[in-house]
Amino acid sequence: MDNNQENSIKDNDSPVVCNKRYGRNKLETFDWLSDVPAVGTKQCNLVEVQFKNTRKGYYLNSLNLDLSKGDMVAVESNPGHDIGEVTLTGPLVICQMKKVGFKSDQEIKRVYRKAKETDLQKWQEAKSLEHSTMLRARKIAEDLNLNMKIGDVEYQGDGAKAIFYYIADDRVDFRQLIKVLADAFKVRIEMKQIGARQEAGRIGGIGPCGRQLCCSAWMSSFISVSTSAARYQDISLNPQKLAGQCAKLKCCINYEIDAYVEGTKRMPSREIVLQTIDGDYFHFKSDIFKREITYSTSKEMPANLVTISASRAFEVISMNKRGVKPEALDNTMSQKEERKEFSDVVGQDSLTRFDKGAKKKGNKSGKFRKPNKYHSKEKPKNGQKE
């Protein structure tokens with residue numbers, strides 16, 4: 001048996017699968033300093049550890065363990081210890097802590113050891129209870145008439161604590177629920193509220209674009225989406241089309257809003273009415289990237305639509321400020337095209353040039369008559385036959 005087969009069997013038998021062998025996780029951080037030698041820099045003893053779902057933590061490697069990305073470690077928790085995977089080491093950990101807003105006065109917990117086989121087995125036993133615990137907790141919350149939905153349950157690595165993730169529109173008094181859950185499962189209970197977007201990211205699915213949901217594929221932080229972003233992009237304000245599977249506005253509406261905002265600054269205001277001799281024109285729609293604007297003679301409905309460039313609109317606006325009204329909104333409309341006769345630009349003759357050359361005085365029909373080969377052009381002399 002070669003080494004590759006032996007390693008594959010060990011991976012299948014192992015209860016933990018390393019992310020670096022089976023593709024990137026959406027919370028994975030790329031260490032672009034991994035192949036850069038640390039010369040003259042102080043060694044960083046901080047590591048980033050990822051747990052189930054979207055939970056991450058930063059811990060101090062006080063024992064100077066030889067940790068690398070993908071290692072399973074046992075870290076300090078309250079109470080007991082937790083099991084997680086190392087996702088980042090080195091100086092970039094400090095940058096990540098600043099990015100997530102980690103406070104300097106906040107206590108940093110320690111890394112106990114690399115996870116042993118007994119630690120991993122106990123962690124897997126606790127994970128196997130999560131689904132049944134979630135279903136039972138939903139039944140308990142329903143019996144207590146609580147307007148909430150328990151979306152997920154996460155057990156700590158040693159099984160001493162369980163985190164219940166719930167969704168609720170209004171404020172929920174779950175003090176009685178915590179007592180019932182602690183008595184039913186014999187663990188310490190912690191409740192965490194999540195939003196509808198985070199729930200959709202946990203469940204996953206396919207969006208209307210035909211691709212995997214962004215929240216389950218790569219998004220780790222969610223930014224609020226407002227209807228003003230749809231107005232900037234001239235998107236129809238139809239709730240059925242704007243809402244995603246989480247019943248909230250789609251996150252992809254925010255992707256191009258910056259480009260639209262910058263493009264709008266180079267366009268004239270929609271409130272300006274263009275005045276011409278033919279009448280007044282009101283804004284109907286705009287194409288920001290083509291820098292074209294369509295105007296209508298009616299403010300309530302599309303009528304006599306004329307599409308002009310943004311530069312022409314600014315030109316008409318400046319003319320109106322000087323008290324001048326152009327003949328037409330589009331400058332090409334005021335220029336009448338003169339109809340020209342056909343002219344031979346190639347230099348060839350008319351198609352009837354052969355007919356004109358073949359006409360003779362005695363031939364009224366104008367047809368070309370081919371001469372007989374026995375016919376001579378010279379007239380016969382006296383006494384000679386033709």
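**View 1. E154 faces I163 across two paired strands.** In this predicted model, E154 stands opposite I163 in β7. The strands β6 and β7 run antiparallel to each other and are joined over six bridges. Follow the chain around the hairpin of β6 and β7 and you will pass five residues between the strands. One residue to look for in this hairpin is G159, which takes a positive phi near 75°.

**View 2. Strand β7 is buried along its length.** Seven of the seven residues of β7 (residues 161-167) are buried, so this strand is largely enclosed by the rest of the structure. Which residues point which way? K161, I163, Y165 and I167 point one way from β7, while A162, F164 and Y166 point the other way. Residues on both sides are buried, K161 included.

**View 3. β7 also pairs with β8.** Here the pairing with strand β8 (residues 188-193) is parallel, again over six bridges. I163 turns up once more, this time opposite E190 in β8. To get from β7 to β8, the chain passes through helix α5 (residues 175-185), making a right-handed β-α-β crossover.

**View 4. E154 returns in the lining of a cavity.** The model holds two cavities of 30 Å³ or more, and this view shows the second largest, with a volume of about 60 Å³. Its lining is made up of F51, K52, R55, D82, I83, W123, K127, E130, E154 and Y155. β4 (81-89), α3 (117-128) and β6 (149-155) each supply at least two of these residues. By class, the lining has six charged, four nonpolar and no polar residues.

Conventions. Residues are numbered from 1 along each chain as its sequence is written. This is a predicted model: local features need pLDDT of at least 70, side-chain atom pairs count only at pLDDT 80 or more; totals for chains, interfaces and linings use all residues. Side-chain values use heavy atoms; hydrogens and water are left out. On a 1 Å grid over the protein atoms alone, a cavity is a set of points where a 1.4 Å probe fits but cannot get out, and a pocket is an open set with protein on both sides within 12 Å along at least five of seven lines; lining residues have an atom within 4 Å of a point. Grid points are joined across faces, edges and corners, and a volume is the space filled by probe spheres set on the points. Helices (H or I, at least four residues) and strands (E, at least two) are DSSP runs, numbered from the N terminus. Ala, Val, Leu, Ile, Met, Phe, Trp, Tyr, Cys and Pro count as nonpolar, Asp, Glu, Lys and Arg as charged, and the others, Gly among them, as polar. Buried means under 20% relative accessible area, exposed over 50%, partly exposed in between (1.4 Å probe, protein chains only). Two strands pair if DSSP finds at least two bridges between them. A crossover is right-handed if, with the strands pointing away from the viewer, the path from the first strand over the helix to the second runs clockwise.
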